[in-house]
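User: I'm new to reading protein interfaces. Could you walk me through one, step by step?
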Amino acid sequence: MTIDAQQSLAIRVNGEPRRVPGGVSIAGMLEELGLDPMRVAVERNLEVVPRSSLAEVPVEDGDDYEVVHFVGGG
Amino acid sequence: MSTATNSDSWTVAGRTFSSRLIVGTGKYKSFEENAAAVEASGAEIVTVAVRRVNIADPKQPMLTDFIDPRKVTYLPNTAGCFTGEEAIRTLRLAREAGGWTLVKLEVLGEAKTLYPDMVETLRATEILANEGFEPMVYCADDPIAAKRLEDSGAVAVMPLGAPIGSGLGLQNLVTIRLIVEGAKVPVLVDAGVGTASDAAEAMELGCDGVLMNTAIAEAKDPVLMARAMKAAVEAGRLAYLAGRMQKRLYADPSSPLAGII
């Protein structure tokens, strides 16, 4: 991510504090974490973010994310 | 075999399946064993849970690498949810993760028994149905509650046979039978099956299917048990369709009495 280095943003992902560069999209944030945006579902501040808009929605300072996927269960 | 039983299938929310066995994907020793058990069971639907991605180790293998969601229908569950809100939140994420509206709703009442909280379950069923979900609902073995669920938009009712993970077998054959008799949607026994005869018993009562996880996953040989369950569900279904003989209190000889020397 090149980006005119705006200051980094403080966010929470799955309960853990993280910092990401300013101006990054949610898809970009996921890729930075090593996750494939096509294989997860994302909730931002308790609202589900449609997969189709992950690349457009910018991460904002203070955002709280839940990133989930399917695991074994009964 | 008659043609009716050759083409014996069941339909839930417009989707038709030939296997009447739904299996869970929890508690297996490995993804490989899990995939082999699903294959051996012949199941066309598997239940899955929705959980946080491990962001500390994002490259861990994933269930979808071993069980292909394009070949087997994933039925996302709400295991571990104790309120309607938690369950609805989980399923909204599941819908986004998979794109599916067919889901399994369970709202638990307490950790000790994992018995469903039917007040919350009914409320969540109604909200989910209004949001376009097609919930298959884990419920108490209560014929009236089952009807209420159906009225609230449940596409299938799934009464417990015994507590989740207990393997105790069907504890109340009467209530399961009454639910089957009264239901207009598919009825599946969900939870409590311990071994093959339990699955056959559920099917002999006229259930449309059986959902199980622990009975296969915790067998000494899960793949072999998966095969046993497949056979049991099929046997129970055929016996139900065939119509069992009447029970008698005393013996009735099978060989003719006439012509005895």
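Analyst: Sure! Let's start with a term: a salt bridge is a side-chain nitrogen of Lys or Arg within 4 Å of a carboxyl oxygen of Asp or Glu. Keep in mind that this is a predicted model. Here, A:Glu43 forms a salt bridge with B:Arg89, with the closest N and O atoms 2.5 Å apart.

User: How many salt bridges are there between chain A and chain B?

Analyst: The count is three. Across the interface there are also 16 residue pairs in polar contact, both residues being at pLDDT 80 or more.

User: Which strands of chain A supply residues to the side that touches chain B?

Analyst: β2 (16-20), β3 (41-44), β4 (47-49) and β5 (64-72) each supply at least two. β5(A) gives the most, with seven residues. By class, that side of chain A has 14 nonpolar, seven polar and six charged residues.

User: What does β5(A) pair with in chain B?

Analyst: Look at strand β4 (residues 45-52) of chain B: five bridges join it to β5(A), and the two run antiparallel. Within this pairing, A:Phe70 stands opposite B:Val50.

User: And how do people put a size on an interface?

Analyst: It's often given as the accessible area lost when the parts come together. In this case, chain A and chain B bury about 2,600 Å² between them, 60% of it on carbon and sulfur atoms. A:His69, A:Phe70 and A:Gly74 lose the most area in chain A, together 28% of what that side buries. As for residues, 27 of chain A are in contact with 31 of chain B.

Key: Residues are numbered from 1 along each chain as its sequence is written. Chains are lettered from A and ligands numbered from 1 in the order in which they are written. This is a predicted model: local features need pLDDT of at least 70, side-chain atom pairs count only at pLDDT 80 or more; totals for chains, interfaces and linings use all residues. Side-chain values use heavy atoms; hydrogens and water are left out. Contact means heavy atoms within 4.5 Å. Buried area is the accessible area (1.4 Å probe) that two parts lose on being put together, summed over both. A polar contact is a pair of N or O atoms within 3.5 Å; within protein, one must be able to donate a hydrogen and the other to accept it, and residues adjacent in sequence count only if both atoms are side-chain atoms. Helices (H or I, at least four residues) and strands (E, at least two) are DSSP runs, numbered from the N terminus. Ala, Val, Leu, Ile, Met, Phe, Trp, Tyr, Cys and Pro count as nonpolar, Asp, Glu, Lys and Arg as charged, and the others, Gly among them, as polar. Two strands pair if DSSP finds at least two bridges between them.
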